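I set out to record what I looked up in this structure, beginning with the whole chain and then turning to single sites. The entries follow in the order in which I made them.

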Amino acid sequence: MKIAIVGCGYVADYYMLTLRNHPDLALAGVYDRRSERMKVFASFHKVPVYPSLAALLEDPEVEMVLNLTNPGSHYDVSKAALESGKHVYSEKPLAMSVEDGEDLVRIAHARGLAITAAPCSILGEAALAAGQAIRDGRLGQVRLAYAEMEDSMVFREHFRDWHSPSGAPWPAHDEFAVGCTLEHAGYYLTWLCAFFGPATEVTAFSARLFDEKNLPSPPGGWAGDFSVTCLRFGGGVVARLTCGLAAPRDRSLHVVGTEGTMTVTDGWNYRSGVWLRDAEGRPRSRIPKLPQAIGRLERYLPGRHWLGERLALRPSAAITPGFPSRMDFSRGPAATARALKQGRDLPMPADFALHITELALVAQDAGRFPSPYKPRSSFSSLPLLD
Ligand SMILES: NC(=O)c1ccc[n+]([C@@H]2O[C@H](COP(=O)([O-])OP(=O)(O)OC[C@H]3O[C@@H](n4cnc5c(N)ncnc54)[C@H](O)[C@@H]3O)[C@@H](O)[C@H]2O)c1
């Protein structure tokens with residue numbers, strides 16, 4: 001499928017890198033409203049540019065637009081793309097308000113077009129293995145999940161030195177103004193909703209803990225940099241998701257069932273370790289006496305205890321960026337394009353993307369929403385991914 005990219009910033013380089021994993025996607029060209037950035041990006045990657053967004057949207061060859069602009073531009077760019085008859089794959093969030101997200105989904109449905117949003121890490125090998133273990137009953141009945149999206153105090157790091165391969169600076173100002181929850185909650189919200197279905201009730205708390213971000217703050221101040229969100233799912237599963245820019249870096253997921261527990265070490269690594277333990281938290285292993293040995297060792301080790309039976313992941317030779325984002329960013333657009341070509345259900349349909357966006361918006365800015373919050377959006381179960 002022919003695609004075009006709008007937004008040639010930091011993350012666009014990671015899409016370019018991972019497009020190599022998906023020869024079915026052919027890039028027709030790119031556009032960015034900052035022409036200097038667009039030129040540098042295009043010459044680095046040797047790709048054609050469009051003189052304007054309108055020119056990109058008028059290109060009849062382009063079937064899907066990858067909207068890699070800043071969150072504040074997502075709605076406008078995606079809407080324009082849909083109104084030009086293009087499918088849309090948007091970076092997260094789908095939009096900056098539930099109403100705008102609903103509007104995009106309505107336009108897409110009315111025109112028979114697809115719209116969906118990143119992250120696509122539920123297509124990663126670790127998420128697929130974790131989902132399969134849950135469906136296979138390896139944990140018994142799941143009752144609880146703890147998901148961490150702690151990014152540590154990145155605002156005290158040398159973020160001004162962080163550049164993507166083509167030289168785009170890490171957009172610190174936008175990241176802190178949008179908020180780490182809206183930026184990161186989706187990574188595990190997609191997993192939780194893919195595993196347990198739509199959330200039926202949300203109780204969230206959010207706060208801003210640090211006013212000093214080593215940058216001039218925007219007029220309304222920085223967005224919240226900490227949130228805790230409790231979610232209830234239809235089947236009775238309860239989850240707690242924490243997002244922050246304060247506590248030490250931690251991107252783990254623990255899922256607790258009646259017969260076992262499962263830990264994913266790093267949700268930003270498609271090939272993260274996925275570990276099983278028994279319900280009492282003892283490591284499982286096929287190697288005799290290893291569980292006892294680990295148990296003894298752990299008495300003297302501080303911190304959380306993860307190791308156990310390591311689930312086998314399906315093989316993949318996909319290229320990914322290095323730490324911290326070992327993710328195949330282009331897998332979402334590629335899987336969407338494949339499903340469209342084959343007339344199959346989309347891996348992450350519009351209703352799913354809207355639901356994730358609504359939950360992330362509530363988590364980011366809990367004080368603006370009733371508590372407990374009943375989500376307006378929902379989705380039917382996702383197709384089983386192959
Ligand atoms: N930075 C990361 O590590 C990272 C990782 C994963 C996802 N994301 C997501 O990717 C998206 C983009 O983030 P980024 O880090 O690349 O930001 P960025 O600021 O580096 O790049 C965004 C680019 O979009 C362009 N742009 C904005 N509005 C536009 C418009 N209306 N028309 C044309 N161009 C427009 C900007 O000029 C800029 O070059 C965000 O939604 C972010 O949440 C970022």
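**Notebook: overall fold and selected sites**

I began with the contacts: residues 24 or more positions apart account for 73% of the contacts in the protein with a separation of 6 or more. I note at the outset that this is a predicted model.

**Entry 1. The whole chain**

I looked up the secondary structure next and found eleven helices and 13 strands. The radius of gyration is 21 Å, close to the 21 Å that the globule rule gives for 386 residues, so the protein is as compact as a globular protein of that length. For the extents, I read off a C-alpha trace that spans about 65 × 50 × 40 Å along the principal axes.

I then turned to burial and surface. Of the 386 residues, 56% count as buried. The protein exposes about 16800 Å², and carbon and sulfur atoms supply 53% of that area. As for charge, I recorded 42 positive and 42 negative side chains, with the centres of the two sets 6 Å apart.

**Entry 2. Backbone geometry**

I searched for departures from the usual backbone, given that most residues other than glycine have a negative phi, and most peptide bonds are trans.

Which residues does a cis peptide bond join? I found one such bond between Lys92 and Pro93, with omega about -5°. Pro93 sits in the loop between β4 (87–90) and α5 (98–111). Another cis peptide bond links Ala118 to Pro119, where omega is about 0°. I placed Pro119 in the loop that runs between β5 (115–117) and α6 (125–135).

For positive phi outside glycine, I noted Lys46, with a value near 55°. Lys46 belongs to the loop between α2 (35–45) and α3 (53–58). Its relative accessibility is 72%, over the 50% cut-off, so I list Lys46 as exposed. I noted Asn214 as well, with a positive phi near 65°. The loop between β7 (199–207) and β8 (226–233) holds Asn214. I list Asn214 as partly exposed, because its relative accessibility is 44%.

**Entry 3. Ser272**

Is Ser272 buried or exposed? It has a relative accessible area of 3%, so I count Ser272 as buried. I located Ser272 in the loop between β11 (260–264) and β12 (274–278). A polar atom of the Ser272 side chain lies 2.9 Å from the backbone nitrogen of Asp266. Asp266 also appears among the residues that Ser272 touches beyond four places in sequence, together with Ala126, Val264, Thr265, Arg310 and Leu313.

**Entry 4. Ser377**

I moved on to the segment after α11 (350–364), where Ser377 is placed. Its relative accessible area is 9%, under the 20% cut-off, and I therefore enter Ser377 as buried. With which side chains does the side chain of Ser377 make a polar contact? I found His355, at 2.9 Å, and Glu358, at 2.5 Å. Leaving aside neighbours within four places in sequence, I found Ser377 in contact with Leu354, His355 and Glu358.

**Entry 5. His87**

I looked up His87 and found it in strand β4. At 14% relative accessibility, His87 counts as buried. What does His87 contact, leaving aside its neighbours within four places in sequence? The list I wrote down is Met1, Glu63, Met64, Val65, Gly112, Leu113, Ala114 and Leu340. I also checked the separation of His87 from Leu384, which lies 297 residues apart from it along the chain. Their C-alpha atoms are separated by 22 Å.

**Entry 6. Asn70**

My last site was Asn70, in the loop between β3 (64–67) and α4 (71–83). The relative accessible area of Asn70 is 35%, so I record this residue as partly exposed. How far apart are the C-alpha atoms of Asn70 and Val40? I recorded 18 Å for this pair, whose members are 30 residues apart along the chain.

Definitions and conventions. Residues are numbered from 1 along each chain as its sequence is written. This is a predicted model: local features need pLDDT of at least 70, side-chain atom pairs count only at pLDDT 80 or more; totals for chains, interfaces and linings use all residues. Side-chain values use heavy atoms; hydrogens and water are left out. Helices (H or I, at least four residues) and strands (E, at least two) are DSSP runs, numbered from the N terminus. The radius of gyration is taken over C-alpha atoms; the globule rule is 2.2 Å times the number of residues to the power 0.38. Buried means under 20% relative accessible area, exposed over 50%, partly exposed in between (1.4 Å probe, protein chains only). Contact means heavy atoms within 4.5 Å. Accessible areas come from the Shrake-Rupley method with a 1.4 Å probe; for residues, only the protein chains shown count as cover. Lys and Arg count as positive and Asp and Glu as negative; His and the chain ends are not counted. The place of a charge is taken as NZ of Lys, CZ of Arg, CG of Asp or CD of Glu. A polar contact is a pair of N or O atoms within 3.5 Å; within protein, one must be able to donate a hydrogen and the other to accept it, and residues adjacent in sequence count only if both atoms are side-chain atoms.
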